[in-house]
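Subject: Structure for you to look at

Hello,

Here is the structure I said I would pass on. Please open it alongside this email; my notes follow below.

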Amino acid sequence: MQAYSAYYENGLIIPIGNPIIPEKRKLAILVLDDEFEQQQEYNTKIPRESMFGCMKGKMRVPDNFDEPLDDFKEYMQA
């Protein structure tokens, strides 16, 4: 199952983009009202605190990050 976006105009359903839908395929159509569209637009906005770089200085990589793990020592002795 796949989902595509489209709009309805003058009795036609016009897909957005160029979806490839096989001939004689059964379709289920979900009609969304304007309120749903506005809610979706609101939900897709990135909150200010989620901007690029907002975690700078809040994470730390330990000094021994690149050291081999003790659990794999027997596999590494070849």
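Lys24 is exposed, at 85% relative accessibility. The model is predicted, so please read every value here as computed from it. Lys24 sits in the loop between β2 and α1. Its phi is positive, about 55°, although Lys24 is not a glycine.

Asn10 is another residue to look at. Its phi is near 50°, again a positive value in a residue other than glycine. Asn10 lies in the loop between β1 and β2. With a relative accessible area of 75%, Asn10 is exposed; the cut-off for that class is over 50%.

Now the fold. The protein has 2 helices and 2 strands. Along the sequence they follow the pattern β-β-α-α.

How do β1 and β2 pair, parallel or antiparallel? They pair in the antiparallel sense, over 4 bridges. Tyr7 stands opposite Ile14 in β2. The two strands form a hairpin with 2 residues between them. Asn10, with its positive phi near 50°, belongs to this hairpin.

Next, the surface. How much of the protein counts as buried? Of its 78 residues, 1% do. The cut-off for buried is under 20% relative accessible area. The protein exposes about 8,900 Å². Carbon and sulfur atoms supply 54% of that area.

Then the pocket. The largest pocket has a volume of about 1,100 Å³. It is lined by 25 residues. Which of them are closest to the centre of the pocket? They are Tyr4, Ser5, Ala28, Ile29 and Leu30. Three elements give two or more residues each to the lining: β1 (6-9), β2 (12-15) and α1 (34-44). β1 gives the most, with 3 residues. So both strands of the hairpin appear in the list of elements that line the pocket.

What classes of residue make up the lining of the largest pocket? There are 20 nonpolar, 2 polar and 3 charged residues. Tyrosine is counted as nonpolar here, which is worth knowing when you look at Tyr4 by the centre of the pocket.

Last, the aromatics. How many aromatic pairs does a search of the whole structure find? It finds 1. The partners are Phe72 and Tyr75, with ring centres 6.4 Å apart. To pair, centres must lie within 6.5 Å. The ring planes stand at 50°. Stacked would need under 30 degrees and edge-to-face over 60, so this pair counts as tilted.

Are these two rings buried or exposed? Phe72 is partly exposed, with a relative accessible area of 44%. Tyr75 counts as exposed, at 62% relative accessibility. The line between those two classes is at 50%, so Phe72 and Tyr75 fall on either side of it.

For a quick tour, start at Lys24 in the loop between β2 and α1. Go on to Asn10 in the loop between β1 and β2. Then view the pocket from Ala28, Ile29 and Leu30, which are among the residues closest to its centre. Finish at the tilted pair of Phe72 and Tyr75.

Best wishes

Methods: Residues numbered from 1 in each chain as written. Predicted model: local features only at pLDDT ≥ 70, side-chain atom pairs only at ≥ 80, totals over all residues. Heavy atoms only, no water. Phe/Tyr/Trp six-rings, centres within 6.5 Å; stacked < 30°, edge-to-face > 60°. Buried < 20%, exposed > 50% of the residue type's maximum accessible area, 1.4 Å probe, protein only. Areas by Shrake-Rupley, 256 points an atom, 1.4 Å probe, with all protein chains shown as cover. 1 Å grid on protein atoms, 1.4 Å probe; cavity = no way out; pocket = protein on both sides within 12 Å on 5 of 7 lines; lining within 4 Å. Points joined across faces, edges and corners; volume = space filled by probe spheres on them. Pairing = 2+ DSSP bridges.
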